[in-house]
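Reader: Could you take me through the salt bridges in this one, slowly and pair by pair? I'd like the cut-offs spelled out as you go.

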Amino acid sequence: MTLSPPEQPQAPGAAPASGPVPGAVPPPGCPAHAGGADAVRRLYGPEAEADPRGLYEKLRAEHGAVAPVLVEGDLPAWLVLGYQENLDVARTPTRFSRDSRKWRDLLEGRVAPTNPLAPIATWQPMCTFMDGEEHQRLRAAVTDGLARFDRRGVRRHVTRAADQLIDGFASYGRAELVSQFAEHLPMLVLTQLLGMPEEYGPRLVDAARDLVKGTSTALASNDYIVMTLRQVVARKRAAPGADFTSSLIAHPAGLSDDEMVEHLRLVLMTAYESTANLIANTLRVVLTDQRFRASLAGGRMTLPDALEQVLWDDPPMSTILGRWATGDTELGGQQIRTGDMLLLGPAPANVDPSIRPDLSAPVHGNRSHFSFGGGPHECPGQDIGRAVADTGIDVLLTRLPEIRLAVPETELRWVASLITRHLVALPVVFTPVEPAEPEPSTAQDHPGPALAAPAPPPAGRHRASSWTERWHRLTRLLRGSRR
């Protein structure tokens, strides 16, 4: 749940809504003082949630490549809008550190423990919050672990998982592709790559969505994810396998249990959210843009090319939190003070007029977008995410070639948070088909966290595989859905 902001931005000296030290005043030169408090726009609340892309362009028109903004709790920050400025911040950790312990508002007690940003902004022992040698040590463990999965092996996991999900709705002639496909496919694959049982998937999906949205229960969801991952690490220490968790345990970097849990959470959360959004965004374009679909069908554009176009136009992450200034500096014409927080902006950077003056011009196959960040902290798992997305979409379009949108495009809705813009639903119809032949399960022997028993299948309908029925019924139960 997004915090309900007051009707006007708070004036300097007013206590932020998340409960900082009473009477605390933003220091001179910080974003909250830029142009006066009334000029600072929020990246949360009604305006940001209704049209984040429109808000970015307002900020660009008002401030240029770097804009002062307020985040949850009316905490000041800088949003980096320009493409080159984003690259500059990402590539110079000596000026803009990933260590959130440098955050002045945190040091001065203005960030309440209950602030929804706490789970993703508070320093943790993982590579994304470090620079220099320690970052290199931990990053090597992650990249080496991910490198053991070749694209062919990942595609086998994706194909099997996609077939199972499609089997859950193939015979009905209709489906909702966000909740029944895009949100679940990445987690199914990740549970396998991380060495988890398939039964972990449903609740991890819900916890991951809740944490990324920064709701009032985000902290509890974060605790659940951490607890689950600690169980996985303990089990893999006792019985290692050919999976990412076992690779972290055996890596010469010598990660502690806490470091392993944090890096498993990092891979789980970033890969899940970004890949789920990439799948949903690409499917939306395929279903709503006839020229786009015709280019795919006619061979003028490959599915990997299509993914790169979507990554330019609708990146999975709108903003990336965060960087912290190591000293007073200048960026995009703005005076940045020591300890200021900066948010990288893949969404506004990718449509920066200085690099894309004509947004209608195709950029098929061009990977120079900022959707996965840049510099030493560029997303290490982006190729796995691409493999999950293009393989899963290919399986879906191959099995359901006549699939089409079930509602007018104008009825599609999004929900937005500080970090993401998420398609709510993508209802489709198609000619019903029979489920694929089931493959032998590769699920682990040990059970996951306690799960509710599945309900019986709907009367008079084809029964899909027991695993698929269980998956969808658990998901409906956990989400409170009646579909």
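Author: Let's start with the burial terms: buried means under 20% relative accessible area, exposed means over 50%, and partly exposed is anything in between, using a 1.4 Å probe and protein chains only. Bear in mind that this is a predicted model, where local features need pLDDT of at least 70, side-chain atom pairs count only at pLDDT 80 or more, and totals for chains, interfaces and linings use all residues. Residues are numbered from 1 along each chain as its sequence is written, and side-chain values use heavy atoms, with hydrogens and water left out.

Side chains of opposite charge can pair when their charged atoms come close. Here a salt bridge needs a side-chain nitrogen of Lys or Arg within 4 Å of a carboxyl oxygen of Asp or Glu. Searching the whole structure turns up 27 of them.

Take Asp-383 and Arg-386, whose side chains meet in a salt bridge at 3.2 Å, N to O. They sit 3 residues apart in helix α17 (residues 382–399), so about one helical turn separates them. Helices here are DSSP runs of H or I with at least four residues, strands are E runs of at least two, and both are numbered from the N terminus. As for burial, Asp-383 is partly exposed at 39% relative accessible area, while Arg-386 is buried at 3%.

Sharing partners also matters: Arg-41, Glu-47, Lys-58 and Glu-62 are joined by their salt bridges into one network. Inside that network, Glu-47 pairs with Lys-58, with 3.2 Å between the closest N and O atoms. Glu-47 belongs to helix α1 (residues 46–50) and Lys-58 to helix α2 (residues 52–63), so this bridge ties together parts 11 residues apart in sequence. Both ends are partly exposed: Glu-47 has a relative accessible area of 31%, and Lys-58 comes in at 40%.

Helix α2 shows up again with Arg-53, which forms a salt bridge with Asp-314 at 3.1 Å, N to O. This pair links distant parts of the chain, 261 residues apart, since Asp-314 lies in the loop between α15 (303–313) and β6 (320–325). Asp-314 is buried, with 6% relative accessibility.

One last stop brings us back to α17. The buried residues of α6 pack against α17, along with α12 (244–250) and α13 (257–288), where contact means heavy atoms within 4.5 Å. Those buried α6 residues include His-135, Leu-138 and Arg-139.
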